[in-house]
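Me: Please take a close look at the enclosed spaces in this predicted model. I would like to know what lines them, and how any neighbouring helix packing is built.

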Amino acid sequence: MQVTVSPAIIRGTVTANPSKSAMQRAVAAALLAKGKSIIRNPGLSNDCLAALEVAENLGAKIKREADYFEITSNGVHPFYDEINCGESGLGIRMFTPIAALASIPITISGHGSLTTRPMNFFEEVLPQLDVKCTTQEGKLPLHIEGPLQPKNITIDGSLSSQFLTGLLMAYGAAAEEVTITVKDLKSKPYIALTLQLMELFGVKVEETNFEQFRFGKKQAYKAQDYTVEGDWSGAAFLLVAAAVAGKAEVHHINTQSAQSDKAILEALQKAGASILPGMFTMVIEKHGLNAFEFDATDCPDLFPPLVALAANCNGTTKIQGVSRLAHKESDRGLTLQEEFGKMGIRIDLQGDEMLVHGGTGLKGATVHSHNDHRIAMACAIAALTADGPVVIENAEAINKSYPEFYDHLQQLGGKVAIAANA
């Protein structure tokens, strides 16, 4: 699909899409619980739908209603010996330890960029928990055979917090008097979100400085009626759109959320945007924007909207945390450098630092998403202030996390033309 976004003034009101991070965690918790859970305001992105399919294959019965999903489960009792996590990095890392609670052999696969992501940490950690595990030279497919036996264990948290999320959730269903110790944990807010969801579903973990996670007496997940909160990751693009091209009010985002990407507000404030926060709404308005410094190590998904923001700021913006970008849907540091370069924005990569030279004026161009949802959205936002239309190829990549994105951009006054078969 090819999408053309033309320069436009942003003005209007929109409701943020549901958080895929919270949705996928809630689906996993509902699978681990005994009874009937209700997931309201559900996400319908590809990653969320993949999570529902995995939960169903691992033993849950799922019924879709008009505005909620009903998930009935009795814990992990797989119907099939194979699960497919689609292209979801969180899905594969979270559901693998959960699937390992079963005693039957299970093959875990995925597609797209997920097939190129490293999976060797499973081979390093799961055997310590009595789970047989093999990969294809560190890549998918994974072959596991449990059941997982929770033990005191120390893991490296520097590559991804998502595997820790899976371990924590699996331990929550089976652990007793054990501790997970983590060294060099990145993306701590995502673990805060995991612990928040687990507690909501009845499992409490004693956490110490995000370095030790202790499980006392054995606990059990309890079925819940849960409403998925709005997604700060997706809303970040809408907030940046308003900051660079007009004014917008974005509803259903919780400023008290544990989601790490609410840090976009800090970046917008540093850049000089006008911000009027409410409890579940945010009004952002264009103002004189200047270069800023920001550490995105704990929120690497913010790099694309941050680059779109920095491109519109006078001066050179410094963003820390580039090392977190290599194993995303694309190597995002290089991809942002390449695609924004086509629009006339110079980006330098220096070790763990990205320098974005803004204020030089964005140019109309033809860009490519690299099958990366956040690259497609970042280019669309950049197009709002370009000197001509920006054509985005492989623009359907947004379906991974935010299928409503182009509709929401139009709702705010964006000029979007979609060519399905271009």
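**Cavities and a helix pair**

Reply: Start with the second largest cavity. Its lining divides into one nonpolar, five polar and two charged residues. The residues are Ser19, Ser21, Tyr190, Asp231, Ser233, Gln259, Ser260 and Asp261. Tyr190 is the nonpolar one. Asp231 and Asp261 carry the charged label. The space inside comes to about 40 Å³. This is a predicted model, and the lining counts use all residues.

The structure holds two cavities of 30 Å³ or more. The largest has a volume of about 40 Å³. Around the largest cavity sit Asn17, Pro18, Lys20, Gly43, Leu44, Ser45, Cys48, Ser401, Pro403 and Glu404. By class, that lining has four nonpolar, four polar and two charged residues. Lys20 and Glu404 are the charged pair.

Now go back to Tyr190. This residue lines the second largest cavity. Tyr190 belongs to helix H6, which spans residues 188-200. The partner is helix H5, residues 162-174. Their axes come within 10 Å and cross at roughly 20°. Angles under 35 degrees count as roughly parallel, so H5 and H6 are roughly parallel to each other. The crossing is right-handed. H5 brings Leu164, Thr165, Leu168, Met169 and Gly172 to the contact. H6 answers with Tyr190, Ile191, Thr194, Leu195 and Met198. These contact residues divide into seven nonpolar, three polar and no charged. Tyr190 thus appears in both places: in the lining of the second largest cavity and in the contact of H5 with H6.

How values were computed
Residues are numbered from 1 along each chain as its sequence is written. This is a predicted model: local features need pLDDT of at least 70, side-chain atom pairs count only at pLDDT 80 or more; totals for chains, interfaces and linings use all residues. Side-chain values use heavy atoms; hydrogens and water are left out. Axes are lines fitted to C-alpha atoms, for helices over the stretch in contact, and angles run from 0 to 180 degrees between N-to-C directions. Helices (H or I, at least four residues) and strands (E, at least two) are DSSP runs, numbered from the N terminus. Angles under 35 degrees count as roughly parallel, over 145 as roughly antiparallel, 65 to 115 as roughly perpendicular and the rest as oblique. A crossing is left-handed if the near helix is turned anticlockwise from the far one by less than a right angle, and right-handed if clockwise. Contact means heavy atoms within 4.5 Å. On a 1 Å grid over the protein atoms alone, a cavity is a set of points where a 1.4 Å probe fits but cannot get out, and a pocket is an open set with protein on both sides within 12 Å along at least five of seven lines; lining residues have an atom within 4 Å of a point. Grid points are joined across faces, edges and corners, and a volume is the space filled by probe spheres set on the points.
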